[in-house]
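User: I would like a close look at one part of this model, with the rest of the chain as context. Please give cut-offs for the terms as they come up.

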Amino acid sequence: MRRGPFQEGEPVVLFDRRLRRYMIFLRRGGVTDLRGGKLLHDAIIGREEGEVLSSTLGERFLAFRPTLSEYVLEMPRGAQVIYPKDLGMILLWADIFPGAVVVEAGTGSGALTMALVRAVGPSGKVISYEIREDFARRAQRNIEAFLGPTENLELRRADIYEGIPESGVDRILLDLPEPWHVVPHAAKSLRPGGIFLSYLPTIVQVQQLVETLHGSGAFALIETIEALVRPWSVSGRSVRPEHRMVAHTGFITTARKLCSERSVIGYQP
Ligand SMILES: C[S@@+](CC[C@H](N)C(=O)[O-])C[C@H]1O[C@@H](n2cnc3c(N)ncnc32)[C@H](O)[C@@H]1O
């Protein structure tokens, strides 16, 4: 995590007077056109976070380093990202801990990958699968621009439906269309007590996944949740929920790996 004055090359989020958000990457000599005026990057480099900057039209912008949530929503996307409200839930529901060995697929734009890399820390490891070369390259650029060099991340250009060579893995997290193909590989790759987590947009996919998890005999405590976050407006005497919210994104399904098929209890199809 960077601290201190803004430096060349890093992302900055700017907020206008209506708190609309813009993200730019600082370049020496760079100029960004913003709301009709120009913002000179050299006037931002060397300044502290939380400063108010003026465009050539005199419009004022508040400047901060992006949080991971802000960065995920503003970064260039190849694939659709997992929204911050779900990233937070996923980290806890998959019980990601410092030092964990985590397999993830697909990398997509790298949103979940960044959350995982930060949560496992330098003593952990994230192995992230992506089948598409263009998405893998985009994710790598996104991740490097936000986290800098990452020793604890391996980006693997491969099809996870074909298998996972690692064994003794602590966690497997999937954000891809047919996670049921990964269940037999996860059963071999996860250590006993390891957690399988899948993020899916439709309940029909969830149903197929849950049936496959039960049918494998290798998993228990299979649960599905969704996260609803309702922002509030608190302004004078107007204290009420915002009119708009992100209603549906995806369902989170988790399961625990058993040490043997004889351990299955509590399953009634
Ligand atoms: C919805 S995106 C993932 C977004 C990512 N979680 C994020 O937050 O940025 C799904 C990704 O899975 C990849 N994918 C689909 N099938 C795959 C497979 N069998 N193995 C590896 N990656 C796969 C797709 O190319 C796509 O990039």
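What percentage of the contacts in the chain with a separation of 6 or more comes from residues 24 or more positions apart? After that, please go through the open sheet of four strands in detail.

Analyst: Residues 24 or more positions apart make up 63% of the contacts in the chain with a separation of 6 or more. A contact here is a pair of residues whose C-beta atoms, placed from the backbone, lie within 7 Å. The model is predicted: local features need pLDDT of at least 70, side-chain atom pairs count only at pLDDT 80 or more, and totals for chains, interfaces and linings use all residues. Residue numbers start from 1 along each chain as its sequence is written.

The chain has six helices and 15 strands, taken as DSSP runs numbered from the N terminus (helices: H or I, at least four residues; strands: E, at least two). Its C-alpha atoms fill a box of roughly 70 × 45 × 30 Å along the principal axes. Of the 269 residues, 32% are buried. Buried means 20 or more other C-beta atoms within 10 Å of the residue's own, exposed means 12 or fewer, and partly exposed lies in between, with C-beta atoms placed from the backbone.

Now the requested part. The four strands form an open sheet in the order β2-β1-β6-β5, with antiparallel pairing. Strands count as paired if DSSP finds at least two bridges between them. Because β2 and β5 stand at the edges with a single partner strand each, one side of each is left without a neighbour in the sheet. From one strand to the next the twist averages 35°. Such angles are taken between N-to-C directions and run from 0 to 180 degrees, with axes as lines fitted to C-alpha atoms (for helices, over the stretch in contact).

Strand β6 (residues 60-64) is joined to β1 by three bridges, and the two run antiparallel. In this pair, Phe15 has Leu62 of β6 as its bridge partner, and Val13 stands opposite Phe64 in β6. With β5 (residues 51-54), β6 pairs in the antiparallel sense over four bridges. Leu62 appears here too, as the bridge partner of Val52. The hairpin of β5 and β6 has five residues between the strands, and Gly58 in this hairpin takes a positive phi near 85°.

At the other end of the order, the loop between β1 (11-15) and β2 (21-25) holds Arg18. Arg18 counts as exposed because it has 5 C-beta neighbours inside 10 Å. Its C-alpha lies 9.9 Å from that of Phe61, although the two residues are 43 apart in sequence.

The domain assignment, which is automatic or from a database, gives domain 1 (11-66) and domain 2 (70-263). Over C-alpha atoms, the centres of domain 1 and domain 2 are 33 Å apart. Six residues from domain 1 and five residues from domain 2 take part in the contact. On the domain 1 side, β1 and β2 each supply at least two residues, and β2 gives the most, with three residues. By class, the residues on this side are five nonpolar, no polar and one charged. The classes are nonpolar (Ala, Val, Leu, Ile, Met, Phe, Trp, Tyr, Cys and Pro), charged (Asp, Glu, Lys and Arg) and polar (the others, Gly among them).

For context, there is also an open sheet of seven strands, ordered β9-β8-β7-β10-β11-β15-β12, with mixed pairing. Its edge strands are β9 (153-157) and β12 (219-225), each with a single partner strand, so one side of each has no neighbour in the sheet. The twist in the sheet of seven averages 15° from one strand to the next. Within it, β11 (residues 190-200) and β15 (residues 251-257) pair in the antiparallel sense over six bridges, with Tyr199 opposite Ile252 in β15. Helix α3 packs on this sheet, touching β7 (101-105), β8, β9 and β10 (169-174), and its direction makes about 165° with that of β8. Helix α6 (residues 203-216) also packs on the sheet, touching β11, β12 and β15, at about 170° to the direction of β12.

The ligand is surrounded by 21 residues, the closest being Ala79, Gly106, Gly108, Ala111 and Asp175. A residue counts as near if its C-beta atom, placed from the backbone, lies within 6 Å. Two or more residues of the shell come from each of α3 (111-120) and β8 (125-130). The shell has 12 nonpolar, five polar and four charged residues.

Definitions and conventions
Contact = placed C-beta atoms within 7 Å.
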